[in-house]
Amino acid sequence: MYQELEELTEEQIMLKESAHKFAGETLRPAAVAVEQMKDSEDIFKGNSIWWQAKKEMRKMGYHLASLPKSMGGLELDAIGCHILLEELGWGSFGLGISNF
């Protein structure tokens, strides 16, 4: 777990905080809403809360986490990707991992 590292860089701390905030404000509520859906088919409808959350993740560029900035990515190293996945997984493992 990355929290066992003695010291995170300022950039890694900012990533952790912003991804954690995003996960709490966007992914957790979406996951709760999905769990409460009576019909699982509703998840896959074009404007469902699931797809809205995935669109928000794309706006944040999380799907391009390891790509170079020259290609529009976030250019995260291995620890940065781990931090991002851990925080998104805290919000909703299913939504978080589906982004990659």
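**Exercise 1. Determine how helices H1 and H2 are oriented relative to each other in this predicted model.**

Solution. H1 and H2 run roughly antiparallel to each other, and the steps below show how this follows from the geometry of their axes. Two packed helices are described by the angle between their axes together with the distance between those axes. Here the axis of H1, which spans residues 10-36, and the axis of H2, which spans residues 49-60, come within 9 Å and cross at roughly 160°. Angles over 145 degrees count as roughly antiparallel, and H1 and H2 are therefore assigned to that class. As for the hand of the packing, H1 passes H2 in a left-handed crossing.

**Exercise 2. Identify the residues through which H1 and H2 meet, and sort them by character.**

Solution. On the H1 side, the contact is made by Phe22, Thr26, Leu27, Ala30, Ala33 and Val34, which meet Ile49, Trp50, Ala53, Glu56, Met57 and Met60 on the H2 side. Sorting the residues of this contact gives 10 that are nonpolar, 1 that is polar and 1 that is charged.

**Exercise 3. Analyse the salt bridge between glutamate 87 and lysine 16, stating where each partner lies and how accessible each one is.**

Solution. The structure holds 4 salt bridges, and one of them joins glutamate 87 to lysine 16, with the closest N and O atoms 3.6 Å apart. The distance criterion for a salt bridge is within 4 Å, and the value of 3.6 Å is given for this pair. The next step is to place the partners: glutamate 87 belongs to helix H3 (residues 78-91) and lysine 16 to helix H1, so that the pair, 71 residues apart, links distant parts of the chain. Turning to accessibility, glutamate 87 counts as buried because its relative accessibility is 4%, where buried means under 20%. Lysine 16, with a relative accessible area of 22%, is partly exposed.

**Exercise 4. Describe the salt bridge between glutamate 56 and lysine 59, and then the one between lysine 45 and aspartate 42.**

Solution. The side chains of glutamate 56 and lysine 59 meet at 3.1 Å, N to O. Both residues lie in helix H2, and because they are 3 residues apart, about one helical turn separates them. Glutamate 56 is partly exposed, at 32% relative accessible area, whereas lysine 59 is exposed, at 64%. Glutamate 56 is also among the H2 residues that meet H1. In the second pair, lysine 45 and aspartate 42 bring their closest N and O atoms to 2.9 Å, and aspartate 42 is partly exposed, with a relative accessible area of 26%.

Methods. Residues numbered from 1 in each chain as written. Predicted model: local features only at pLDDT ≥ 70, side-chain atom pairs only at ≥ 80, totals over all residues. Heavy atoms only, no water. Axes fitted to C-alpha atoms, helices over the stretch in contact; angles between N-to-C directions. Helix = DSSP H or I, 4+ residues; strand = E, 2+ residues; numbered from the N terminus. Parallel < 35°, antiparallel > 145°, perpendicular 65-115°, else oblique. Left-handed = near helix turned anticlockwise from the far one by under 90°. Contact = heavy atoms within 4.5 Å. Nonpolar A, V, L, I, M, F, W, Y, C, P; charged D, E, K, R; others polar. Buried < 20%, exposed > 50% of the residue type's maximum accessible area, 1.4 Å probe, protein only.
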